[in-house]
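This report goes through one structural model, from chain-level figures down to single residues. The sequence and coordinates come first, and the description follows.

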Amino acid sequence: MKQNLTITDLKKAYNNQIIFENLSLSIPLNQITCILGPSGCGKTTLLNIISGIEKADSGMLEDFKNFTFSYVFQDSRLLPWKSIQDNLEFVLRNKYTPEERVGIIGKYLDIVGLGAFKHYYPERLSGGMRQRASIARAFAYPSEILIMDEPFKGLDIKTKKHIMEKFIELWYGDKRTIICVTHDIEECLMIADKILVLTKPPARVSYEDIIEIPHDKRALDNFSLLCVKERIKEVFFGE
Amino acid sequence: MKTSTMESKKISLISVIIIILIWKVASFSYHNEALLPSPESIIINMIIMIQSPDTFYTLVFTLFRGLSGFILSLVTGMIFGTIAGINHYIEKSLHPLLAVIKSTPFMSVILLLLIWFGTEKTPIFAGFLVSFPIIYTNVLQGTKNIDRNLIEMSKIYGIGIFQIIKNIYLPSTAPFIFAGIASAFSIGWKVTVGSEILSQPKYAIGTRMWESKLYIEIDMLLAWTVTTILISYLIELLIKKVEGKIVRWKYETESNNH
């Protein structure tokens, strides 16, 4: 049984700009991998290549081919003409029977604290609530890999903390493989099992680390986390 | 939102009453029933008109022509609008044709159609030609307005193309289509009746109007005109009802924001 999913010698360029040249990395199964990097380093492109939205110019991505994905985007991407419940229903239709769907949708909306709002249209909810609905959708969908593209961006500190807690709670439910990109170091320290830091394009992995502290024991003033933070900062600003 | 709808209904009713009053005063002071009949004599004429079996056929045939042209423009407008919305080159290549249709005086189009299609079909095609650009333009805008991100999201979640059409494409374009439908119908309807006046099929509101003009029966002419307006109004009401059902989410979110 494989423990890691690997990408080898990935190449991708837009016109004349080379985004990835011989990028290789490995993603541990059933863990949370956070990919950090400066803006424009190709984080979203990497996720799109992994999930099959975009094609790589060359490179080995065999490990990702037969997986099903769910995705938490920067924006919530909910259908505005469907209630929150129907938005989840929309993606689960081909996966479960109607009876199963009712139970699953109810369960995940309750975890993210939206049980009472299931009949609301997205427009009537705040940005944070919409993002929680998007996270519930991604977890409710029976994917093997969950991809997150800066899912906590643009949220205020209190909402962000709350949503991150909910996210961890959901993840402990089935411990599926998660790949999350962000440019927020602290966010990364709080949720990641494995951290990968990318450089500016053409991107390569400039730092990687594994955090073994259980999520509920993590605090930003924890000494070993502070050390990791300092090292990441050095890599980030040392370039 | 409810109160503002009530209010606008009240204002419309008052303005209709004022128009009828002005008409009544004008016909009373003009004092010539033959040239400017009073509103009540039009109503009496309409009641007499309804009792004639010919009226039934006249209404059915004109309605059939009006609705045929309208449905034809709806179907083709949706197909071409969608294709043009997806493909930039098709939009550009259809542009000159649309410009020609829009700017050609419809009287000359009707005369040409008369020669090509004969009296029965001309009103249908005339109605179609004026409604089509309106539906097409609205569907085109609606298609361009579709959020590509939602389609990308659906593909990741393994949603099939038919579900995407039903759940993303149609709801995205519906508000745009309905914005065009009401005006497309009323303009198409007017042109259908107008071209009946020129082409004169056996059973047609336009033919009855032409005959009334020929025999200088102004009360009958006005009775048919009022009937035409009433039918148009009723169908527009029906369209609004259907719209309310289909784009319900928009009204619900809007009413909540007010």
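In chain B, 73% of the contacts between residues at least 6 apart in sequence join residues at least 24 apart. The model is predicted, and every value below is computed from it.

**Chain B as a whole**

Chain B holds 10 helices and zero strands. Its order along the sequence reads α-α-α-α-α-α-α-α-α-α. The C-alpha trace of chain B spans about 75 × 50 × 30 Å along its principal axes. Chain B has 258 residues, and 39% of them count as buried. The accessible surface of chain B is about 15,000 Å², with 72% of that area belonging to carbon and sulfur atoms. On the charged side, chain B carries 21 positive and 16 negative side chains. The centres of these two sets are 7 Å apart.

**A nonpolar patch and a buried serine**

Seven names make up a nonpolar surface patch of about 540 Å²: B:L67, B:I71, B:V75, B:I79, B:F80, B:I83 and B:I90. Which helix gives the most to the nonpolar patch? Helix 3 of chain B, residues 53–86, does so with six residues. B:F80 is a member of the patch and lies in helix 3 of chain B. With a relative accessible area of 37%, B:F80 is partly exposed. Patch residues must have over 30% relative accessible area, so the 37% of B:F80 meets that cut-off.

B:S232 sits in helix 9 of chain B, which covers residues 218–246. Is B:S232 buried or exposed? The relative accessibility of B:S232 is 10%, so B:S232 counts as buried. Leaving aside residues up to four places away in sequence, B:S232 touches B:F185, B:S186 and B:W189.

**Backbone points**

Chain A has a cis peptide bond running from A:P201 to A:P202, with omega near -10°. A:P202 is placed in the loop between strand 8 (194–198) and strand 9 (205–210) of chain A.

A:N22 is not a glycine, yet its phi is positive, at about 55°. A:N22 belongs to strand 2 of chain A, residues 17–28. The relative accessibility of A:N22 is 41%, and A:N22 therefore counts as partly exposed.

B:Q200 also has a positive phi in a residue other than glycine, with a value near 55°. The place of B:Q200 is the loop between helix 7 (161–199) and helix 8 (205–214) of chain B. B:Q200 is partly exposed, its relative accessible area being 31%.

**Salt bridges**

Side chains of opposite charge can pair when their charged atoms come close. Over all chains, the count comes to 20 salt bridges. The table sets out three of these pairs.

| Pair | N to O separation |
|---|---|
| A:R77 and A:D75 | 3.3 Å |
| B:E40 and B:K24 | 2.7 Å |
| B:R208 and B:E211 | 3.0 Å |

In the chain A pair, A:R77 is buried because its relative accessible area is 12%. Its partner A:D75 is partly exposed, with a relative accessible area of 35%. The two residues are also part of a salt-bridge network that links A:D75, A:R77 and B:E152.

The side chains of B:E40 and B:K24 meet in a salt bridge. This pair links distant parts of the chain, with B:E40 in helix 2 (residues 39–51) of chain B and B:K24 in helix 1 (residues 2–30) of chain B, 16 residues apart. B:E40 is partly exposed at 38% relative accessibility. B:K24 is partly exposed as well, with a relative accessible area of 30%.

The remaining pair in the table stays within one helix: B:R208 and B:E211 both lie in helix 8 of chain B. The two are three residues apart, about one turn of the helix. B:R208, at 16% relative accessibility, counts as buried, whereas B:E211 is partly exposed with a relative accessible area of 30%.

Methods
Residues numbered from 1 in each chain as written. Chains lettered and ligands numbered in written order. Predicted model: local features only at pLDDT ≥ 70, side-chain atom pairs only at ≥ 80, totals over all residues. Heavy atoms only, no water. Patch = residues over 30% accessible without salt bridge, like charges linked within 9 Å, V, L, I, M, F, W, Y side chains within 5 Å. Areas by Shrake-Rupley, 256 points an atom, 1.4 Å probe, with all protein chains shown as cover. Salt bridge = Lys/Arg side-chain N within 4 Å of Asp/Glu carboxyl O. Helix = DSSP H or I, 4+ residues; strand = E, 2+ residues; numbered from the N terminus. Buried < 20%, exposed > 50% of the residue type's maximum accessible area, 1.4 Å probe, protein only. Contact = heavy atoms within 4.5 Å. Lys, Arg positive; Asp, Glu negative; His and termini not counted. Charge placed at Lys NZ, Arg CZ, Asp CG, Glu CD.
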